[in-house]
Amino acid sequence: MKYKSQVLTIRKIPYDFIDVATDETANMYMKRKNLGVTTELPPIFVDGEYKGLFAQFEEAVEFD
């Protein structure tokens, strides 16, 4: 989690980490918003819209 936080902070991307393992409401929101595409974690949401997984973001950052 620390690495993910560092990447977002260095890039000056505002974020909130939400623990869906302990927050059932957040877990249900995640499942509803990603349209059942995946249960892989961590997903990325922008303004409430599912954008993909952190791994995809991380890959894009590597090529930036």
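Colleague: How much space lies in the largest pocket?

Modeller: About 740 Å³. Bear in mind that this is a predicted model.

Colleague: What makes it a pocket and not a cavity?

Modeller: A cavity is a set of points where the probe fits but cannot get out, whereas a pocket is an open set. The space of about 740 Å³ is classed as a pocket, so its set of points is open.

Colleague: Which residues are closest to the centre of the largest pocket?

Modeller: Asp16, Phe17, Pro43, Ile44 and Phe45, out of 25 lining residues. Two or more lining residues come from each of α1, α2 (24–33), β1 (43–46) and α3. The largest share, four residues, is from β1.

Colleague: How do the lining residues divide by class?

Modeller: The lining has 20 nonpolar, one polar and four charged residues. Phe, Pro and Ile count as nonpolar and Asp as charged. Therefore Phe17, Pro43, Ile44 and Phe45 are nonpolar and Asp16 is charged.

Colleague: Now the helices. Why is α1 called oblique to α3?

Modeller: Helix α1 (residues 2–10) and helix α3 (residues 54–62) pack at about 50°, with axes 12 Å apart. Roughly parallel needs an angle under 35 degrees, and roughly perpendicular runs from 65 to 115. The angle of about 50° fits neither class, so α1 is oblique to α3. Their crossing is left-handed.

Colleague: What makes the contact between α1 and α3?

Modeller: Tyr3, Lys4, Val7 and Leu8 of α1 meet Phe54, Phe57, Glu58 and Val61 of α3. Six of these residues are nonpolar, none is polar and two are charged. Lys and Glu count as charged, so the two are Lys4 and Glu58.

Colleague: Where do these helices sit in the order of elements?

Modeller: The protein has three helices and two strands. From the N terminus on, the elements run α-α-β-β-α.

Terms used
Residues are numbered from 1 along each chain as its sequence is written. This is a predicted model: local features need pLDDT of at least 70, side-chain atom pairs count only at pLDDT 80 or more; totals for chains, interfaces and linings use all residues. Side-chain values use heavy atoms; hydrogens and water are left out. Axes are lines fitted to C-alpha atoms, for helices over the stretch in contact, and angles run from 0 to 180 degrees between N-to-C directions. Angles under 35 degrees count as roughly parallel, over 145 as roughly antiparallel, 65 to 115 as roughly perpendicular and the rest as oblique. A crossing is left-handed if the near helix is turned anticlockwise from the far one by less than a right angle, and right-handed if clockwise. Contact means heavy atoms within 4.5 Å. On a 1 Å grid over the protein atoms alone, a cavity is a set of points where a 1.4 Å probe fits but cannot get out, and a pocket is an open set with protein on both sides within 12 Å along at least five of seven lines; lining residues have an atom within 4 Å of a point. Grid points are joined across faces, edges and corners, and a volume is the space filled by probe spheres set on the points.
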